[in-house]
Structure formats: C-alpha cells, structure tokens
Amino acid sequence: MKKRADYLRRMAQAVAIVAGALAAGCGREVTTGMPKGVVAIWGMAGRIDGTFVQPRVIGCLPDGRVTVIDRSGRVQFLDDAGRFLGKFTLAHTEVGFPTGMTATADGAVWIAETHAYRVGVYTPEGRELLAFGTEGLGDGQFIYVNDVAVSPDGNVYASDYGGDDRIQEFDKEGRFVRKWGHTGTGPGEFRRPRGLAFGPDGGLFVVDACNERIQKFTPDGKFLKAFGTGGAGEGQFSYPYDLAISPDGIIYIAEYGNCRIQRMTVDGEFLGTWGKAGSGPGELAQPWSLALDVRGRLFVCDTGNSRVVALDPAAAEWSRGPKG
C-alpha cells in the first residue's frame, strides 16, 4: 500500500508539472500545488513560444520583463506572470549558444555570445546596437566568453575561459580597458570563471566554477576575498554557475552540480539552500542561471527540466545542511 501511495503521489506531482508547463506556455501563471515560496513554474521542453530547449541564460529587464535564452538560440521575452511577449533568434549560433547576459536601465540586452567569441548588445526587438570581441587570447579577444556585467558607471566586464581564464573590462563602447587573472587556484586566479554580479558596495563578484568558490574584486581588479570550497555542505559548492545579488546584500548562487540554490551574505555567511535533484515541484536539474527582478523575485533556469522556476525568496523554506 505504501508503494502504491508513493506512486500515486509522484504521478500527481508529474501531472501538476505538465499542466503547469502547458499553461505557462499558453500564457498563464500556475500557482496551485506548489511548495512554499514557489510562485510559478513556466514552460516545458519544446520549440513553440513559451517553451524551452534547455534554457541556460535568464535575466530581468527594468520594466519587469524576463528574458530567457535557450539552446535553440532564441531570446524570448515573458512578462512577470510568464506570458510570452516576443522573441528574436541570434544569428551566430552555428557552433554553440550563449551562457550569460545582463540588461541595463535603458532596456538593452547584453549577451555573452560564448561560441561566437563576442559580446552582442540588442534591443528587445532584436536590433543589434553594438558588438565587440573576436576569437583569440589578445586584449579584447575571447576564447569562450561566459558572462557579462555592466557596472554602475557604465563599464562592461566579461568572464572568459578556455585559454587563459580571466576577466576583461571594456568601456561602454566596447573598447578594451584592462584585464586580470589567469588559470590557477590561487587568489585572483580562475578555473572557468562564470557568473558576474556587482554587490551593493560596487564590488565585483565572480563565480569561479571549477575552483568551486566565489571571488570578490574591486572594479579595477584588486582581489578582496574568496569564499567557498567543493562539497555539498553549508557554504560549499559543486560547480556553481551563476549568482544574483539583492540590494540588501544577499547572494543567491545556482549550483549546477548540487542541483540547488544557495543563499549567503556578501561576506560568505551561509543562510540556507533551496531545491534538490529531481523534476518535481521544489526540485531542480542542473540549474545554470538565475536573476532577481525589481520586486525581489528570483527566477531560476531549471536547465535539465527545460523550464523556469519563479521563487519568492522571503516565503521559500531555506534548508540547513551538513557543515562544510
């Protein structure tokens, strides 16, 4: 009887997920049957509008729209209730797809076009405003550009791996300013630098994915601190891929390997985890990216499940874990 009850429970969860995904694709926000703090689950695997092919990039525009980029090369725009608004398709995806983006106050979408060795800047309608970068190891060149962030003063920062792992800074016109870091495990060194985000004090936080830590720098590249080690305990990471920072200094980190979101202070103090491996409500499969909107909601690219999870961090249940 217990096995049958477990089976029926899992079937009910699966039906709820499919129904929610279909509804999201049709432009409705689904909230029924969700764990505490889960506002909605959007989308499902597919190529029609509002569905996704392993989405790896997510961002929030100042007007509340959410941008999702998947492995089909589509840049889709949804409102904050998950309704499809529009899309464009990137031209330079014949060898691979983007892994990072940011949006600026003017509504421009800055995309790390990873396998095209460049950063592209677009309007939400898909008109290209600016592009910079070529393939190579020189100043202003990229091997695999992973993410892009724009500082409050308008300068642009890009993480790059596959050659000499590093961070490069550009001015707002895409002209090279400086670089720092190289491949290694010491302070200020990287092994696959991934997500970038500025904290409330103006410091630049870098997800150092294969070193399984977060590093912080001044905007001109001076190393300030690092926190995190490999593992599944409190304050530990397994392939962290992206981060988002709230105005009050809370960091949310997407862990590809641990299939969870970890919450910390900007000083590296552990505050809890959310999610575990799986495909049900409250579960994640290889999350790549996350973003905060102006209302404080957290949107997660649940990549392995080809969907987006909208989370209210204040209402969600954040778990403790084994000590790291």
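In the predicted model, Cys-259 has a relative accessibility of 6% and is classed as buried. Cys-210, at a relative accessible area of 24%, is partly exposed. The cut-off for buried is under 20%, so Cys-259 at 6% falls within that class, while Cys-210 at 24% does not. The number of disulfides in the structure is zero. Across the protein, 59% of the 324 residues are buried.

The secondary structure consists of one helix and 26 strands. Of the contacts between residues at least 6 apart in sequence, 45% are made by residues at least 24 apart. Mean pLDDT is 92, with 90% of the residues at 70 or more. Residues 10–28 have a pLDDT below 50, and this stretch makes 23 contacts in the model beyond near neighbours in sequence.

The largest nonpolar core comprises 17 residues, and the members that touch the most others are Ile-261, Trp-274 and Leu-290. At least two residues of this core come from each of strand E1 (38–42), strand E21 (250–255), strand E25 (298–302) and strand E26 (307–311). The most is given by E21, which supplies three residues. A further core of 14 residues lies apart from the largest one, and its members include Val-39, Cys-60, Leu-78 and Ala-310. The contacts of Leu-290, with neighbours within four places in sequence left aside, are with Ile-58, Asp-242, Leu-243, Ala-244, Tyr-252, Ile-253, Ala-254, Ile-261, Leu-298, Phe-299 and Val-300. Ile-261 thus appears both in this contact list and among the core members that touch the most others.

Aromatic pairs number 16 over the whole structure. One of the pairs is formed by Trp-42 and Phe-299, whose ring centres are 5.4 Å apart and whose planes meet at 45 degrees, so the arrangement is tilted. Planes under 30 degrees apart would count as stacked and those over 60 as edge-to-face. Trp-42 belongs to strand E1 and Phe-299 to strand E25, so the pair ties together parts separated by 257 residues in sequence. Trp-42 is buried, at 0% relative accessibility, and Phe-299 is also buried, with a relative accessible area of 0%.

Another pair is made by Tyr-144 and Tyr-161, with ring centres 5.4 Å apart and planes at 40 degrees, so this pair is tilted as well. Tyr-144 lies in strand E10 (residues 144–150) and Tyr-161 in strand E11 (residues 156–161), and the pair therefore ties together parts that are 17 residues apart in sequence. Tyr-144 is partly exposed at a relative accessible area of 29%, whereas Tyr-161 is buried at 18%.

One aromatic cluster is formed by Tyr-157, Trp-180, Phe-190, Phe-198, Phe-217 and Phe-223. Charged groups also sit over aromatic rings. The charged end of Arg-56 is placed over the ring of Trp-288, at 4.7 Å from the ring centre. The charged end of Arg-194 is placed over the ring of Tyr-241, at 5.2 Å from the ring centre.

Notes. Residues numbered from 1 in each chain as written. Predicted model: local features only at pLDDT ≥ 70, side-chain atom pairs only at ≥ 80, totals over all residues. Heavy atoms only, no water. Core = buried A, V, L, I, M, F, W, Y, C linked by side-chain atoms within 4.5 Å. Buried < 20%, exposed > 50% of the residue type's maximum accessible area, 1.4 Å probe, protein only. Helix = DSSP H or I, 4+ residues; strand = E, 2+ residues; numbered from the N terminus. Contact = heavy atoms within 4.5 Å. pLDDT = per-residue confidence, 0-100. Phe/Tyr/Trp six-rings, centres within 6.5 Å; stacked < 30°, edge-to-face > 60°. Lys NZ or Arg CZ within 6 Å of the ring centre and 35° of its normal. Disulfide = S-S within 2.5 Å.
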